[in-house]
Amino acid sequence: MNVAAAIPQPVRLAQLPRLKPGTVSTVDWHDLSEPEGRRLRELGLDEGVEVELLHRSVLGGGPVACRIGRMTVALRRHVAAAIHVSPNPAS
Amino acid sequence: MNQAPLVALVGNPNAGKSALFNALTGARQKVGNYPGVTVERHAGRMALPDGRPVELLDLPGAYSLDPSSPDEQVTRDVLVGRQEGERLPDAIITVVDASNLDNHLRFTLQLIALGLPIVVALNMVDLAERDGLKLDPEALERELGVPVVATVAVRKRGLDALKDRLGDVVRNVHAVRPGAGVQHDIVVLQRRARQIATAVTVSETAARRWTHRLDAVALHPVAGTILLLGILFVMFQAVFAWATPPADAIDAGFSWLQGAIKANMADGPLRSLLTDGVIAGVGAVVVFLPQILILFTFILILEATGYMVRAAFLMDRVMASVGLSGRAFIPLLSSFACAVPGIMATRTISDEKDRLTTILIAPLMTCSARLPVYTIIISALIPDKAVLPGIGLQGLVLFGLYVMGIAGAFGAAMLLRRTVTKGATSGFMMEMPKYQMPRLRDVLLGLWQRAEIFLKRAGTIILLTTIILWALLSFPKPPEGSNISPVDYSIAGRIGNGLQTVVAPIGFNRDIALALIPAMAAREVAVAAIGTVYAIDDPEGDAGQEAIRANLRKNWTLPTALAFLMWFVFAPQCISTIAVTRRETNGWKWPAFMVGYLFVLAYVAAGITYWSAVALGL
């Protein structure tokens with residue numbers, strides 16, 4: 001499954017514009033601690049899943065709320081920064 | 001012994017598992033504990049369509065069979081038959097949220113692989129449809145190869161069908177499918193779950209519009225923070241404003257009872273025990289039941305609506321600054337009602353250091369048991385005057401005590417995270433469930449359980465300590481014609497006068513020294529103890545709150561009262577909290593540490609307060 005090749009310029013989930021869905025291309029699993037990675041997988045994050053940034057809390061450093069599949073999940077910034085997303089082509 | 005079949009109710013958090021459990025068992029529930037761990041065991045009885053009884057076990061919500069918290073550990077251990085004190089379930093009902101299939105099915109697949117007879121409850125199908133998601137339960141049944149029933153637990157839809165299918169699988173209790181054991185490869189399971197979810201989805205349109213609209217406000221950096229502060233303000237306001245009429249009624253009831261006994265019973269030790277001991281003591285505590293119930297109502301509603309997780313999201317930044325995570329906010333907020341459920345709620349924090357720190361600071365949140373102490377001292381000794389229009393001095397002092405507790409907790413967390421609970425900062429990763437209307441029945445059930453616990457405590461620990469204190473205060477009687485007060489002459493009075501030498505430097509008088517010992521059982525006993533002391537000192541006097549206040553005004557100075565309040569902000573005077581900390585941390589080391597550091601803080605803070613107040617000439 002090579003989603004990333006079809007669409008240029010993956011961005012980090014933390015930098016994704018709000019409410020613009022994208023598809024997870026790669027995840028820097030090695031940047032995350034072992035429990036963080038496992039919990040993230042349990043919350044349904046995986047390459048090829050659709051994600052969307054919903055809300056950012058206080059400027060700088062606070063957590064972000066994003067949609068993973070059909071679920072809303074709160075993540076800290078550094079976790080969201082480890083997730084690379086290819087923005088979906090505008091439909 | 002022929003036991004009823006045991007059926008385990010399992011599912012992801014937020015799948016509507018508890019609602020299904022309540023709907024299936026009604027009020028026939030038993031809450032207990034698993035040996036060795038503090039995870040609550042919820043079990044209830046239900047009957048299958050053919051009349052056979054079944055014991056239903058509500059297991060803690062989990063994301064998988066690879067546990068990352070003590071809660072999830074219990075779920076896994078029960079399902080593989082390794083939990084002490086629990087037999088291997090005869091069947092499983094797994095609850096999945098219909099609008100979250102791609103995720104919840106992964107856990108279902110893992111459960112199916114265990115090989116136990118299983119029925120899938122495809123729950124909240126109504127919400128999924130409202131969100132524009134149409135599913136095919138029969139297709140899901142074909143894909144999974146196990147029975148699937150569409151349910152709406154909160155409206156009791158699909159329950160009969162669920163019981164039917166459960167009856168079918170429980171009938172073949174011994175025909176267990178060959179199990180593959182615990183399947184650990186989460187990536188493989190997840191991909192299979194997504195395939196199935198796609199296969200059974202008939203149609204799908206934009207999802208969760210309502211939740212998103214509400215979140216746009218609730219999670220907004222400015223609007224959300226204002227909303228959170230507003231909710232907290234209303235909550236604490238309500239605790240005082242709404243509780244007054246019922247509390248006055250209860251107080252009047254006890255005073256009437258006391259009067260009736262005094263009028264109809266000959267004077268003697270038994271009458272004194274009933275009026276000065278039991279009624280003065282227990283009555284002084286039961287008066288606070290309305291406040292405690294109001295506080296719990298708010299907390300139960302905030303949890304049931306799904307708002308609590310939003311509050312955790314907003315607070316994560318602040319909590320991170322003292323080395324905790326937003327997740328700690330939920331146990332800490334619950335600790336405003338009572339530290340015991342608060343400390344138990346820390347079980348959802350997966351990071352051990354993070355959890356330990358939260359446990360150690362939870363007793364600093366101003367719990368409802370402190371309210372009786374605060375309210376009576378404030379109403380007796382702080383002048384009832386307005387500082388600013390609409391803001392009274394009494395309310396301000398009370399608010400100050402709450403703030404002191406929070407500031408103390410944050411300071412303590414910061415210090416602890418740099419010393420005894422040092423470690424990498426833990427993460428914050430949390431599912432944010434859809435908003436839901438709280439259901440009256442579930443809230444009432446929760447309130448009933450809290451009221452029962454509180455009244456049981458009033459009827460046992462508090463009653464017992466009050467009777468013992470009454471006895472120690474009543475005997476020996478001073479000789480006829482002596483002008484020593486009966487309290488000073490009694491055993492307790494002598495102990496109190498001795499203890500006073502230790503606490504005199506921080507401004508505490510004999511009454512406080514006397515009250516501190518029984519208050520180790522529970523903080524509110526301090527009020528009961530003071531009530532009993534004055535009742536025995538002046539057997540002809542009236543009972544009730546007004547009498548205690550009059551005595552306080554006569555015997556206490558303002559610096560003493562302030563020091564006493566400050567003591568109660570910090571002092572770990574609650575056996576239940578110490579006991580639950582021991583259970584949660586599996587040993588005496590941490591509860592001992594907690595008691596030690598909190599007593600030192602209490603002594604120092606009360607001392608500073610007393611001497612500053614004296615120096616200021618208050």
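**Exercise 1. Is B:V387 buried, partly exposed or exposed, and what is its relative accessibility?** Then find the surface feature to which B:V387 belongs.

*Solution.* Keep in mind throughout that this is a predicted model.
- Step 1: Locate B:V387 in strand β10 of chain B, which covers residues 386-388.
- Step 2: Compare its accessibility with the limits. Buried means under 20% and exposed over 50%. B:V387 has 44% relative accessibility, so this valine counts as partly exposed.
- Step 3: Look at the company it keeps. B:V387 joins B:L388, B:I391 and B:L396 in a nonpolar patch on the surface, and together they have about 330 Å² of accessible area.

**Exercise 2. Describe the surroundings of A:E36, a buried residue with no salt bridge.**

*Solution.*
- Step 1: Place the residue. Helix α2 of chain A, residues 34-42, contains A:E36.
- Step 2: Look for an opposite charge. The nearest such side chain is that of A:R76, 6.8 Å away. A salt bridge needs the nitrogen and the carboxyl oxygen within 4 Å.
- Step 3: Look for a polar partner instead. A polar atom of the A:E36 side chain lies 3.0 Å from the backbone nitrogen of A:S33.
- Step 4: List the contacts, leaving aside neighbours within four places in sequence. A:E36 is in contact with A:H78 and A:V79 in chain A, and with B:G427 and B:M429 in chain B.

**Exercise 3. Take the salt bridge between B:K17 and B:D58 and compare it with two bridges that each lie in a helix.**

*Solution.*
- Step 1: Start with the total, which is 27 salt bridges over all chains.
- Step 2: In the pair B:K17 and B:D58, the closest N and O atoms are 2.6 Å apart. This pair links distant parts of the chain, with B:K17 in helix α1 (residues 17-25) and B:D58 in strand β4 (residues 53-58), 41 residues apart. Both B:K17 and B:D58 are buried.
- Step 3: Turn to B:E352 and B:R355, whose side chains meet at 3.7 Å, N to O. Both lie in helix α16 of chain B (residues 352-361), three residues apart, about one turn of the helix. B:R355 has a relative accessible area of 4%, so this arginine is buried.
- Step 4: Now take B:E546 and B:R549, which form a salt bridge at 3.3 Å, N to O. They are separated by about one helical turn because they sit three residues apart in helix α24 of chain B (residues 545-555). B:E546, at 47% relative accessibility, counts as partly exposed, whereas B:R549, at 19%, counts as buried.
- Step 5: Finish with a network: salt bridges link B:R41, B:E55, B:E86, B:R87 and B:D90.

**Exercise 4. Which phi do B:M124 and B:K156 have, and where do these residues lie?**

*Solution.*
- Step 1: Recall the usual pattern. Most residues other than glycine have a negative phi.
- Step 2: Check B:M124, which has a positive phi of about 60° although it is not a glycine. Its place is the loop between β6 (118-123) and α4 (125-130) of chain B. With a relative accessible area of 8%, B:M124 is buried.
- Step 3: Check B:K156, which also is not a glycine and has a positive phi of about 60°. B:K156 lies in the loop between β8 (148-150) and α6 (159-171) of chain B. Its relative accessible area is 44%, so B:K156 is partly exposed.

Key. Residues are numbered from 1 along each chain as its sequence is written. Chains are lettered from A and ligands numbered from 1 in the order in which they are written. This is a predicted model: local features need pLDDT of at least 70, side-chain atom pairs count only at pLDDT 80 or more; totals for chains, interfaces and linings use all residues. Side-chain values use heavy atoms; hydrogens and water are left out. Patches are made of residues with over 30% relative accessible area and no salt bridge: like charges are joined within 9 Å, nonpolar side chains (Val, Leu, Ile, Met, Phe, Trp, Tyr) within 5 Å. Accessible areas come from the Shrake-Rupley method with a 1.4 Å probe; for residues, only the protein chains shown count as cover. Helices (H or I, at least four residues) and strands (E, at least two) are DSSP runs, numbered from the N terminus. Buried means under 20% relative accessible area, exposed over 50%, partly exposed in between (1.4 Å probe, protein chains only). Lys and Arg count as positive and Asp and Glu as negative; His and the chain ends are not counted. A polar contact is a pair of N or O atoms within 3.5 Å; within protein, one must be able to donate a hydrogen and the other to accept it, and residues adjacent in sequence count only if both atoms are side-chain atoms. Contact means heavy atoms within 4.5 Å.
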